[in-house]
Amino acid sequence: MGASLMLDELAGDVHPHLARLRATEPVSWLPALGGWLVTARDPALEVLRDAETYTVDDPRFSTARVVGPSMLSTDGDEHGRHRAPFAPPFQAAVVRDGFEAWTAAEARRLVGQVARDLEARDLEERSRADLRAAVAGPLAVSVIARALGLVDDDPDRILGWYRAISSGVEGVNAGREVGDEARRAVADLRDEVDRTVAEATGSMLAEVAGDGSLTADEVFSNTAVVMFGAIETSEGMTSNALAHLLGDPDQLADVRADRSLVEGAVEESLRMEPAATLVDRYATRDTDLAGVDVRAGDLVTVSLAGANRDPATFPEPDRYDVTRPEAHLQLAFVKGPHLCLGRHLARLQTIAAIEAVLDLLPDAVLDGAPDGEPPGARGLVFRKPTTVPVRLGG
């Protein structure tokens with residue numbers, strides 16, 4: 001069954017395909033991927049937690065070819081050396097104390113502008129706004145720029161670097177060389193990182209560089225993966241959460257009536273549609289995975305989307321339920337040594353965005369596409385809706 005699944009099916013409405021694979025062959029060989037696809041939660045956890053058997057440290061890992069070795073592309077002691085200087089600023093208490101109030105204010109600023117724009121339009125026109133473009137994306141950029149302490153935090157420049165470098169990584173994945181645009185973006189970002197280290201005393205990057213355990217090249221490569229991971233996954237996480245909640249009138253009414261359910265709404269959205277959905281590992285030895293013979297060197301790709309809808313852990317897995325008691329068992333932030341460094345900051349900004357929408361756009365509902373269907377998440381590796389269109393007066 002897995003052999004017939006094409007990449008465009010993995011990038012589209014993937015969940016019925018994943019459900020069929022999970023029920024019949026939870027570790028399945030996919031020629032389209034050139035490797036194994038893991039769709040059940042137990043073998044997914046086995047792969048994610050066992051870095052000695054399933055590693056990221058492989059020449060095929062594309063990000064390292066664009067920005068250099070980093071915590072994303074190393075394992076064992078080397079991974080710990082890359083990650084350790086960046087870890088303290090992302091601890092839960094540090095994030096809460098340093099970012100909760102600021103992020104809430106920034107989210108309210110962005111949503112407030114949306115509210116003003118909608119109210120200013122001709123009342124005879126259908127007032128509509130895109131919360132991905134107007135809120136989720138800008139919030140992700142501004143939060144990570146502030147966290148890193150960049151001297152130049154211009155969002156347009158940061159997004160330009162992000163798009164060029166992301167395109168370069170995608171090109172490497174497709175078998176192409178790193179393009180000139182990506183190389184220029186890497187060079188420009190490197191200049192900004194070096195400038196921030198030199199000039200922004202007290203910034204995260206200055207503190208990381210001052211630790212002395214990483215070279216200047218390594219400070220840059222890790223900054224790049226932290227920055228672009230934060231932008232991509234945080235924008236997707238917030239977009240998905242807003243689309244899920246605003247697109248479900250019953251669940252939305254429950255959350256509007258009881259704001260303590262906002263955190264549950266975010267966690268359930270992470271389960272339903274993780275922003276980063278495929279995680280690659282490479283087998284270091286011959287091994288058995290859920291009864292399948294995996295050979296040394298094989299690509300083993302974990303479908304976090306598949307694992308997050310495993311009915312053995314999540315009853316009625318396709319139902320969005322903001323009160324789901326087991327939602328915290330979702331794997332959107334991975335498990336094991338590569339557990340997402342910025343998970344606390346990502347949760348905080350998505351919660352802030354939802355709270356701001358509930359406060360400042362109290363009548364907002366998800367607007368249908370021209371065919372009447374609400375937007376769905378799309379993407380092979382990173383999944384989010386193209387837009388999150390909302391209208392007032394729902």
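A salt bridge is taken here as a side-chain nitrogen of Lys or Arg lying within 4 Å of a carboxyl oxygen of Asp or Glu. In this predicted model, R132 and E235 meet that description, with their closest N and O atoms 3.2 Å apart. The two partners come from distant parts of the chain: R132 belongs to helix 7 (residues 131–148) and E235 to helix 11 (residues 216–246), and these positions lie 103 residues apart in the numbering. Both R132 and E235 are buried. The bridge between R132 and E235 is one of 26 salt bridges that the structure holds.

As a general point, side chains of opposite charge can pair when their charged atoms come close. A further example is found at D58, a residue in the loop between strand 3 (54–55) and helix 4 (62–67). D58 forms a salt bridge with R60, and the closest N and O atoms are separated by 2.8 Å. The side chains of D58 and R60 are also joined by a polar contact of 2.8 Å. The two partners fall into separate accessibility classes: D58 has a relative accessible area of 17% and is therefore buried, the limit being under 20%, while R60, at 42%, counts as partly exposed.

A third pair is made by neighbours in the numbering, R96 and D97, whose closest N and O atoms are 3.9 Å apart in a salt bridge. Here D97 is exposed, because its relative accessibility of 64% is over the 50% limit. R96, in turn, counts as partly exposed at 42%.

Salt bridges also join into a larger group. R108, R259, E355 and D359 are linked in a network of them.

Close to D97 in the numbering comes G98, which is placed in helix 6 (residues 92–120). With a relative accessibility of 34%, G98 counts as partly exposed. The C-alpha atom of G98 is separated by 9.0 Å from that of A147, although 49 residues part the two along the chain.

Turning to charges outside salt bridges, a negative surface patch is formed by D42, E46, D288 and D293. Residues enter such a patch only with over 30% relative accessible area and no salt bridge, and like charges are joined within 9 Å. Of the patch members, D293 can be placed in strand 7 (residues 292–294).

Finally, the backbone deserves a look in the loop between helix 14 (304–307) and helix 15 (343–360), where E316 is found. Phi of E316 is near 45°, a positive value in a residue other than glycine. V334 is placed in the loop between helix 14 and helix 15 as well, and its phi, near 70°, is again positive in a non-glycine residue. Are these two residues buried or exposed? E316 is exposed, with a relative accessible area of 52%, whereas V334, at 12% relative accessibility, counts as buried.

Technical notes:
Residues numbered from 1 in each chain as written. Predicted model: local features only at pLDDT ≥ 70, side-chain atom pairs only at ≥ 80, totals over all residues. Heavy atoms only, no water. Patch = residues over 30% accessible without salt bridge, like charges linked within 9 Å, V, L, I, M, F, W, Y side chains within 5 Å. Areas by Shrake-Rupley, 256 points an atom, 1.4 Å probe, with all protein chains shown as cover. Lys, Arg positive; Asp, Glu negative; His and termini not counted. Charge placed at Lys NZ, Arg CZ, Asp CG, Glu CD. Helix = DSSP H or I, 4+ residues; strand = E, 2+ residues; numbered from the N terminus. Polar contact = N/O pair within 3.5 Å; in protein donor to acceptor, adjacent residues only side chain to side chain. Buried < 20%, exposed > 50% of the residue type's maximum accessible area, 1.4 Å probe, protein only.
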